[in-house]
Every structure is written in C-alpha cells, then in structure tokens.
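Please open the model in your viewer and keep the sequence panel beside it. The tour below goes from one selection to the next and says what is found at each.

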Amino acid sequence: MTTTTTWVTPPLAVLLDYDGTLVDTEPLWIQGEIDLLTGYGVPWTYEQGRLLCGTSREVSMAALLAAMAEHGRDGDVDPDAFYDQLWRTVDVRAHADGLPWLPGAVDLLAGLAEAGVPCALVSASPRPMLDSALASFGRHSISVVIAGGDMPEAKPAPDGYLMAAERLGVDPADCLVIEDTEAGTAAGRAAGAVVVAVPRMRALPPSPGQVNLAGGLAGVTPDRLRELYAQVRAGEAVPR
C-alpha cells in the first residue's frame with residue numbers, strides 16, 4: 001500500500017486528476033453528450049457541456065436528464081444505460097489515435113517516476129475508463145486509482161483525495177494535488193493538500209493553498225512542483 005519516495009521533504013506524493021488535467025478528454029465528453037442527446041431529438045450546446053466539466057456523474061446526469069425532460073424524452077432512457085453509453089463513447093474516441101495528452105503531462109509523469117514520487121489518479125470517471133487509460137500510459141509511478149464510484153462523496157468533497165493519500169500511506173497535508181476544475185481544486189484544498197491548478201475549460205479564481213498555472217503543465221518538472229509546494233506552504237506569492 002505504501003510507496004517509498006526519494007524525496008525527504010513534502011510533497012511526498014502527487015495526486016492527479018485525469019480528464020482535462022492529463023488528457024484532453026473534456027471536449028470528447030461534451031461532443032458525446034451532444035451526439036447522444038441529438039439522437040433523442042434534444043438540443044444540447046457546447047457551452048452547456050462545458051459548464052458540466054469537472055462535475056460528478058450525479059450532477060452531469062441530472063442536467064442531461066433535465067434537458068430531456070424539457071423535450072418530453074425523460075421517460076425514453078435508462079440513466080445507467082445512458083451514462084454507460086456516454087463514457088464508452090468517450091473512451092473509444094480517446095483511444096482512437098492514442099490518448100490526447102495535454103502539453104507537459106507525459107514528461108511530468110515520467111519525471112515523477114524518475115524521482116521515485118508516488119502518485120495517485122483521482123477522477124470522477126468510471127474505473128474501467130481509468131484502467132484502460134492507465135494501461136496506455138508511458139512511464140509513471142501511479143499506484144493508486146480512485147474512480148468516481150469509489151468516493152462516498154464526489155468532488156468538491158475531499159473524499160477521493162483523502163482516500164488516495166491514505167492508500168499511499170502519506171498525510172494529505174504532505175500531498176500536492178493537480179487539478180483543472182473548480183470542484184476538483186476545492187476537493188484538493190478541503191483535503192488539506194497544496195493544489196496546483198491548471199485551468200482548461202474555465203478560468204479558476206485564486207484561493208489560499210492553491211497556485212494557478214495559466215500555461216498548464218508544459219515545462220513543469222518535479223523540482224518545480226517542490227518549489228510551488230514550498231512557496232504555498234510558506235505563504236509566498238506564486239505565479240498566477
């Protein structure tokens with residue numbers, strides 16, 4: 001359950017979101033929603049889908065079913081079957097030409113593995129989707145995966161990140177969370193971790209305990225993560 005790291009000062013582990021943080025799947029989720037709803041004669045826009053990025057299955061499905069109800073189609077679909085079709089559609093498209101990695105993600109994962117830093121994947125996506133993605137990763141040190149169905153409460157609750165830290169055998173306060181959404185960054189802060197935010201679909205407001213990197217993960221190294229962690233803990237100003 002525990003993993004030994006070569007770092008002797010925090011962060012002792014890095015906890016990562018998946019969709020929109022490592023891999024550019026958010027547009028695929030949005031297009032999947034558009035395609036499925038259109039098949040029922042229900043209009044759905046990119047902007048409506050964008051607003052659901054980072055939300056839980058429960059929140060997103062409630063919005064999608066409400067749209068169907070507005071057009072009298074809510075009785076035409078089983079919610080579980082609909083969600084299953086949605087994520088499978090996204091998964092197939094994500095692997096069609098190799099995972100659509102976001103800039104810097106592959107290099108950072110390889111760098112963390114080289115540094116011996118334990119990592120966890122914490123995502124609202126279903127476990128089969130995350131397992132298939134992980135099987136396609138290159139070098140990494142991800143040894144724990146927390147999927148949407150594993151969390152008693154979804155993000156912005158801290159449950160997923162608390163579970164990941166426990167399974168890695170580290171204090172959440174000694175962890176660094178990397179996230180791209182407001183719900184995800186709130187979950188990381190609530191867990192007591194330092195949060196590095198890499199806004200993708202929507203801008204994120206600055207918050208105590210968090211640093212926003214407008215450039216995403218491009219050029220971010222394990223040493224840079226250590227610097228950001230130390231600066232946030234020390235209360236120093238960090239780049240926005």
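Is lysine 155 buried or exposed? Lysine 155 has 11% relative accessibility, so it counts as buried. Keep in mind throughout that this is a predicted model.

**Stop 1: lysine 155 and its partners**

Leave lysine 155 selected and add aspartate 17. Their side chains form a salt bridge, with 3.1 Å from N to O. Aspartate 17 belongs to the loop between strand S1 (13–16) and helix H1 (26–39), and lysine 155 to the loop between strand S3 (142–146) and helix H7 (159–168); the pair therefore ties together parts that are 138 residues apart in sequence. Aspartate 17 is also buried, at 5% relative accessibility. Now add Glu179: a network of salt bridges links Asp17, Lys155 and Glu179.

**Stop 2: the loop between S1 and H1**

Stay in this loop and select aspartate 19, which lies between S1 and H1. What is the nearest side chain of opposite charge to aspartate 19? That side chain is lysine 155, 7.8 Å away; aspartate 19 is buried yet has no salt bridge. Show threonine 25 as well, since the side chains of aspartate 19 and threonine 25 make a polar contact at 2.4 Å.

Next, select aspartate 24, found in the loop between S1 and H1. Its relative accessibility is 18%, and buried means under 20%, so aspartate 24 counts as buried. Add arginine 200 to the view: its side chain is in polar contact with the side chain of aspartate 24, at 2.8 Å.

**Stop 3: strand S5 and its neighbours**

Select residues 194–197, which form strand S5. In a regular strand, side chains alternate between the two faces of the sheet. Color Val194 and Val196 one way and Val195 and Ala197 another: the first pair is on one side of S5, the second pair is on the other, and all four are buried. Both faces of the strand are thus covered.

Add strand S4, residues 175–179. S4 and S5 are paired in the parallel sense, with 4 bridges. Valine 177 is the residue to label here, as it stands opposite valine 195 in S5. Then show helix H8, residues 182–190: together S4, H8 and S5 make a right-handed β-α-β unit.

Now bring in strand S6, residues 210–212. S6 runs parallel to S5, and the two are joined by 3 bridges. Which residue of S6 stands opposite valine 196? It is valine 211.

**Stop 4: the cysteines**

How many disulfides does the structure hold? The count is 0. Cysteine 175 takes part in no disulfide, and the nearest cysteine sulfur to it, that of cysteine 119, is 10 Å away. Cysteine 175 is buried, with 0% relative accessibility. Select cysteine 53 too; it is buried, at a relative accessible area of 6%.

**Stop 5: further salt bridges**

The structure holds 11 salt bridges. For one of them, select aspartate 84 and arginine 88, whose side chains meet at 2.9 Å, N to O. Both residues lie in helix H4 (residues 79–95), 4 residues apart, or about one turn of the helix. Aspartate 84 is partly exposed at 29% relative accessibility, and arginine 88 is partly exposed with a relative accessible area of 44%.

Another salt bridge joins the side chains of arginine 139 and glutamate 114, at 2.7 Å from N to O. Which parts does this pair tie together? Arginine 139 is in the loop between helix H6 (127–134) and S3, while glutamate 114 is in helix H5 (residues 105–115), so the pair connects parts 25 residues apart in sequence. Arginine 139 is exposed, at 52% relative accessible area. Glutamate 114 is exposed as well, at 57%.

**Stop 6: serine 125**

Finish with serine 125, in the loop between strand S2 (119–122) and H6. Serine 125 is buried, with a relative accessible area of 3%. Add alanine 147 and draw a distance between the two C-alpha atoms: the separation is 5.9 Å, although the residues are 22 apart along the chain.

Conventions:
Residues numbered from 1 in each chain as written. Predicted model: local features only at pLDDT ≥ 70, side-chain atom pairs only at ≥ 80, totals over all residues. Heavy atoms only, no water. Buried < 20%, exposed > 50% of the residue type's maximum accessible area, 1.4 Å probe, protein only. Pairing = 2+ DSSP bridges. Right-handed = clockwise from strand over helix to strand, strands pointing away. Disulfide = S-S within 2.5 Å. Salt bridge = Lys/Arg side-chain N within 4 Å of Asp/Glu carboxyl O. Lys, Arg positive; Asp, Glu negative; His and termini not counted. Polar contact = N/O pair within 3.5 Å; in protein donor to acceptor, adjacent residues only side chain to side chain.
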